[in-house]
Amino acid sequence: MPSERDSTPTVMRQGFRVLGHAIRTEPRVFAGAVLASCVYGIMTVGSSWALGLATENAVLPAFRDGKASTGALLTAALLIVGVAVLKAAGVIGRRLLAGIMQYRMQAYSRRAVTRQYLRLPLAWHHRHPTGQLLSNASSDVEAAWAPLAPLPMAVGVVVMLVTAAVAILLVDPLLAVVGFLIFPAIAVLNFVYQRRLSPLMMRSQQLRAEVSEIAHESFDGALVVKTLGREDTEAARFQARADRLRDANIAVGRVRGLFDPLLEALPTLGVLAVLLFGSVRLQAGGVSPGELIQVSYLFTLLAFPVRALGWVLAELPRSVSGWTRVRAVLDATGSMEYGRERLPETGPARVEVRDLTYGYTPGAPVLSGIGFDVRPGRTVAIVGPTGSGKSTLTQLLVRLVDPDEGAVRIDGVDLRDLAAGRLSSAVSLVPQQTFLFDDTVRGNLTLGEDGVHAVPDEKIWAALRLAQAEGFVSALPKGIDTRVGERGATLSGGQRQRLALARALVRDPRLLILDDATSSVDAQVEGRILFGLREGSPESTVIVVAYRMATIALADEVVYLEHGRVADRGTHHELLGRCQGYRNLVTAYEREEAERTALDAGEEIVA
Amino acid sequence: MTLSVNERSALSTFRRGFALSPEFKVGLPVTLTLAVFATLGKIIVPIAIQQVIDRGLRGATPDLPFIRNAVALCAVAVVLTAVCGYLMNVRLYRSTESGLASLRGKGFRHVHDLSVLTQNTERRGALVSRVTSDVDQISTFMQWGGLMVIVSLGQLLIASVLMAVYSWQLALLVWACFVPLLIVLPRFQRWVARAYTGVRERTGDMLAAVSETVVGSAVIRAYGSEERTARRIDAAVDAHRKAQTRAQKIVATTFPITELAGAVAIAGVVVLGVHLGVGGTISAGKLIAFLFLITLFISPLQTATEVLNDAQNAIAGWRRVLGVLDTPADVADPGEAGVVLPRGAITVTFQNVGFAYPGGPPVLHDVSVEITPRTRVAVVGETGSGKTTFAKLLTRLMDPTGGRVLVDGVDLRKVRFSSLRERIVMVPQDGFLFDGSLADNIRYGRPSATDAEITLALTELGLTDWLEGLPAGLGTPVGQRGESLSAGERQLVALARAYLADPDLLLLDEATSAVDPATEVRIARALDGVTRGRTAVSIAHRLSTAEAADEVLVFEHGRVVQHGSHEELLRHDGVYADLYASWTSGARTS
């Protein structure tokens, strides 16, 4: 792949820049890790030197002379153990500090990324798939800082190699040539190995994610799979991907199978070469037997650590691509800007919507030129056919997204001029899709308000009562302190909706926005909720998206949307009288019944 | 039924795991033989050193021809063992990956064969991991840990034998230095395992906290709870970091202990060896070869904790995968032996049907109902009255705990799934969509359908207007789980999907709850028109459905308390009349 080779220096340069960023962030931990790693590197060479010394001064003389010198033996033993203790200390320090550095960097990045998720506007979220955002914060962060684990070791290995080179040079320059051939060869071979392995590993990782995604989607849709009898095709779809994963893993195995034995054989061949050339040099008087042993031992010791250089270099491309994706999140602009305006603390809110235009994709507006007013304390119903933009409008009303054109004003203040946090303390939206946190009922209602802002239990119960949730919540094992589980999975759809409603009500919002928020609730229960809202909270302005006549009948005014535009507005009766689309929509059931009655009557006459 | 908790022993887990993936055993003897030869490569260096020192360097001048021959011979041996290593690795990867791929497939298929009831006893994520990460743990062990066990044991054995040949006294000394490690290593391994369990748990918490910022982004913004969420994330991220650091501390401090033991052994060998050598029991070459042999002890013991961990993870993973496979498909397909029903209008009979969730009170009592062909049946009742249970029994998502459900006189349990699913289709309230285009989703139940047939179906359902409003028509991507569409639109797609599948009995479980009334009526009428040859059962809050039905079944507290036409039921006081009164007060203009 010539293109890859061309880009290699760039990737490496970028990779070193990423590492540089980590080193600048944690200079002291890094310095400590490198220092420990140098101790480890020097002591590795030191242990072969100790062994050589022991051979030369204690072992061989004893065999030659036929008697052991206790002093020389004791010195040799202490030297061997002492060097090993220092080396162990180096290893502990290196591993621990390298770990601390890697984990700290991961934690920094995760915090920064999730802060961005919280800060960036919802429109940004809409443009990025959920799965991608999750992997930005998990696997991309992990990949970005993966080289930090072997990095101090690699630095230590460089020191080790220099020390070893000096040590061998001191022994014999000719033997050193063998070393200078073997060790760079190991490092290069391992680099080639990792470079070839890395894309295969990434591919296998990618396929693993895809296999998992298919399983997730398929199990999530298990009911559909079952009811349409598609188990076989689903199994085939999964198996096809699992087979690709298998092939990718086998490809990984082939590369591993080739390089692992090679990397093991190379230093062994090096030792054999040392023995051969060493014997020649021994004959020439260039080295002593002890030195020969020392160099051989050094070869066996160095064979493994040298690979660390390859690990770091090979991780760099993955690190760069991970960091690039993380950076893309961190550098994302278009954050929501806040102004400095405040809103009155109490009393129902006044809402003005002016020439509102908004689209998820440019050129395809979902809403265009929407305008209407809601006077304080009034209830307005937003009605329109499926897909006419009602939910999008509610998102604009609470500034989850900013309009492309036009404005939403509350009490005369453009939402964009409000200070951060001001809008959410005055306005509550109950979205169509209920989202519950993996928390207690209380936590889901108060959303963590505690301390001075703690919500008293009576208030929580009052909100639950109003949302018709008091009954089932008090039947839960721990009442309001019961955890409601993964995305509220332990509750039925209607129960979840009622908790979401209570979450809005407990805040005494000055403007309450309900986006078809009672669709999973029985008509009777809904009736009780609506009655409660009307009687119990005269302080709120209410905007409600609804189809049910009971809900619409509560409204002082109706805004009727069609294809993202206000087709008409007025009271329910006015619209019934003059707007055909509206009439068709809300009287659909009645007309149907009337037609059927007529038809039945006709049939009876015929019969 | 919950997934079986597999408490079998480690050995029987392995045996059953191997039996389920026969690919593992293909050519295993050859692979193991290759592994033995590959391991022999490790002792070449100590032998070469011993030979060179004792024989090559014995005289006053080195015996260069001997050394040359010995080195050349050893080099050939090194190359040969490397080739064995290559072949072994390739074979091992091929057989294990093939075995695991088929294990994944079997597990996945079996999850779909389990009843919804059993599926729902586990969180989706946990179910997914049984065919993904749990299998990956087996693969890690089979390709690394399991191999390491064999290679390491071989290495220890071969090194020990060679040591014993050279000098039994020194061999005993070396063993004496390493035996204490064999006692403490399992303890370290338990610490390490516990620490990593902690890391995994914290990782889960951390990912869950992170996912809230993404999945719950709208709610967090609407309620201004960014700071509280940030605090939760900080806590989770920090707990994760601390758990990682704790684990690293244990691993880092226990790791060099083996090497220290090695150094003590080397020092001991030098001291004792020299004394033995002076006595003439051992040669210098053998003594020095010992120093190299000791290094062969270090790496197996260093990796031992990791290998033991891997082995435990693999067994746990295997148990979880087997847990799925050993759970009988409680609502099973009779398969070949089953009855294939001819196509045509369907009669459904419920004979004294009762149902209770495992360990729960009965939710359906003694329901006896007959649904005649070509009728429209509406099922009404308050939440929790048993409507959805009725639907699940009718579509055989669950089996009754008492009584029988018959289709055209045949017990539902005897009907082949392929036939049953073709003839009876249910549209659930939550219209789950797959990530793909609108067309992909609509043709999910009938993959052979052309775009023209899909458009025709949408036209028949009165959805042309909606389709034309979509940016890319049939090619519009629906996003993951259909998130790019509104809740009502998702229901439209789910309906079209079932409609195109063209079943003989269509069961709608609140399938139009988020759709506007005009569209709902249009759909109902379209279904009606085509339903002339079809039986239709609808569960709905909106009693307009009941008004249009031929027969209404009224559920209360798990019983059918009333049935008959809308008009008949209204003539009497009762549950239906009450329901209807409360509905009309809400649904109608006053």
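Here are a few questions and answers about the contact and salt bridges in this predicted model.

Guide: Welcome! Local features here need pLDDT of at least 70, side-chain atom pairs count only at pLDDT 80 or more, and totals for chains, interfaces and linings use all residues. Residues are numbered from 1 along each chain as its sequence is written, chains are lettered from A in the order in which they are written, and side-chain values use heavy atoms, leaving out hydrogens and water.

Visitor: How large is the area buried between chain A and chain B?

Guide: Buried area is the accessible area (1.4 Å probe) that two parts lose on being put together, summed over both. Carbon and sulfur atoms give 68% of it, and the total is about 13,800 Å².

Visitor: How many salt bridges does the rule find across the interface of chain A and chain B?

Guide: A salt bridge is a side-chain nitrogen of Lys or Arg within 4 Å of a carboxyl oxygen of Asp or Glu. One joins Asp232(A) to Arg109(B), with the closest N and O atoms 2.1 Å apart. Across this interface the count is nine.

Visitor: Asp502(B) forms a salt bridge with which residue, and is that partner buried or exposed?

Guide: The closest N and O atoms of the pair are 2.7 Å apart, and the partner is Arg534(B). Asp502(B) is partly exposed at 39% relative accessible area, where buried means under 20%, exposed over 50% and partly exposed in between (1.4 Å probe, protein chains only). With a relative accessible area of 5%, Arg534(B) is buried.
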